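This report goes through one protein model by topic, beginning with its charged pairs. The sequence and the structure come first.

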Amino acid sequence: MAPPGSRMVSVGTEVAPAEVRAAPAISRDRLLSLAGFIAIWWVGAHLATSPGLLPGPVRVATFTWHACVSGALPAAFAATLARVVVAFVIAMIGGGVLGYVAGCSGRINAWVDPWVVIALNLPVLVIVVLAYVWVGLNDAAAILAVVLAKAPTVVVTVREGARALDPGLAEMARVFRLPARRRLRFVVLPQMLPYLAAAGRSGLSITWKIVLLVELLGRPSGVGYELNLFFQDFNVTGILAYGLAFAGLMLLVESALLQPLERKATAWRCNA
């Protein structure tokens, strides 16, 4: 029997009872937080000097509904999501491989680190403009700009994960002559998953924001393109409708996909 005050931990990949009990409270707090955001927005809209300056939630929701019915919003979402998915996957794979290699080899890291520092400190706008000038006003340039702007953050995160690998486990794998493929799957990958999950969560939010900027500057489709049109017309309702709707979609993707994957990736720490 567990001593009083101790925290029960289950065996395997099951979730600890304390975490199960805390899950409904966390969900309730998230909903209350969103309700508070809407309430503050509603009060701000009523205090605004002009309805066009800050339209209220009902007006924005009505605009969003009509945009969905007309098909304009789904078409813009489809174009933007396609660019987000392609750029995100390329940045995660390329940045992950480079970060792992740099973290395992000090000499390679000495070559990679200056490039990463330059890329991290180079303004995204400069990267986007250069990509359009060099490649042209097309989707290839748009995706290239997003990958170049996002990949350095993946490199930094994964590099730290590679540096934190347990040398004892690596030595044990060598002693038992574990094949490289099984070593990667059963020794390296479980230790790297928390860092990959963190890079993925932060990367998704950064990626879609950069994609909107890329679309605003040089693409004839997508949410960023629509936001540019609304800006030219000073249509704040349209800006809020498309911006918040896409942010809500990304929040749903993170809550339904990325957060569960991150919890699964770090479950072994809770059960250790």
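## Salt bridges

The model is predicted, and it holds 5 salt bridges. In one of them, aspartate 139 pairs with arginine 83, and the closest N and O atoms are 2.9 Å apart. This pair links distant parts of the chain, since aspartate 139 belongs to helix H6 and arginine 83 to helix H3, 56 residues apart. The burial of the two partners can be read from their relative accessible areas: aspartate 139 is partly exposed at 33%, while arginine 83 is buried at 8%.

Arginine 83 also meets the side chain of glutamate 215 in a salt bridge, at 2.6 Å from N to O. Arginine 83 is in helix H3 and glutamate 215 is in helix H8, so this pair ties together parts that lie 132 residues apart in sequence. Arginine 83 and glutamate 215 are both buried.

## A further bridge and the network

Another salt bridge is formed by the side chains of aspartate 113 and arginine 159, with an N to O distance of 3.0 Å. Here too the pair links distant parts of the chain: aspartate 113 sits in helix H4 (residues 106-121) and arginine 159 in helix H6, 46 residues apart. Aspartate 113 has a relative accessible area of 29% and is therefore partly exposed. Arginine 159, with 7%, is buried, because the cut-off for that class is under 20%.

Which residues are joined into one network by salt bridges that share partners? They are Arg83, Asp139, Glu215 and Arg219.

## Aromatic pairs

The structure holds 6 aromatic pairs. One of them joins phenylalanine 77 and phenylalanine 246, whose ring centres are 5.1 Å apart; the planes stand at 90°, so the pair is edge-to-face. Phenylalanine 77 is part of helix H3 (residues 72-104) and phenylalanine 246 is part of helix H10 (residues 236-265), so the contact ties together parts separated by 169 residues in sequence. Both of these phenylalanines, 77 and 246, are buried.

A cluster is also present, in which ring pairs link Phe63, Phe230 and Tyr242.

## Fold and surface

The secondary structure of the protein consists of 11 helices and 0 strands. Of its 272 residues, 33% count as buried. Among contacts between residues at least 6 apart in sequence, 70% join residues at least 24 apart. The accessible surface comes to about 16,400 Å², and carbon and sulfur atoms account for 71% of it.

A nonpolar patch lies on the surface, with about 1,000 Å² of accessible area together; its members include Leu122, Leu125, Val126, Trp134, Leu148 and Leu217. Helix H5 (124-135), helix H6 (139-163) and helix H8 (180-218) each supply at least two residues of this patch. H5 gives the most, with 7 residues. Valine 129, which is also listed in the patch, has its place in helix H5. The relative accessibility of valine 129 is 41%, so this residue counts as partly exposed.

## An unusual backbone angle

Most residues other than glycine have a negative phi. Phenylalanine 234 has a phi near 55°, a positive value in a residue other than glycine. This phenylalanine is located in the loop between helix H9 (223-232) and H10. Is phenylalanine 234 buried or exposed? Its relative accessibility is 69%, so phenylalanine 234 counts as exposed.

## Confidence

The mean pLDDT of the protein is 82, and 86% of its residues reach 70 or more. By element, the mean is highest in helix H2 (residues 57-70), at 92, and lowest in helix H11 (residues 267-271), at 58. Over residues 1-17 the pLDDT is below 50. Beyond near neighbours in sequence, the stretch 1-17 has 15 contacts in the model.

Note on methods
Residues numbered from 1 in each chain as written. Predicted model: local features only at pLDDT ≥ 70, side-chain atom pairs only at ≥ 80, totals over all residues. Heavy atoms only, no water. Phe/Tyr/Trp six-rings, centres within 6.5 Å; stacked < 30°, edge-to-face > 60°. Helix = DSSP H or I, 4+ residues; strand = E, 2+ residues; numbered from the N terminus. Buried < 20%, exposed > 50% of the residue type's maximum accessible area, 1.4 Å probe, protein only. pLDDT = per-residue confidence, 0-100. Contact = heavy atoms within 4.5 Å. Areas by Shrake-Rupley, 256 points an atom, 1.4 Å probe, with all protein chains shown as cover. Patch = residues over 30% accessible without salt bridge, like charges linked within 9 Å, V, L, I, M, F, W, Y side chains within 5 Å. Salt bridge = Lys/Arg side-chain N within 4 Å of Asp/Glu carboxyl O.
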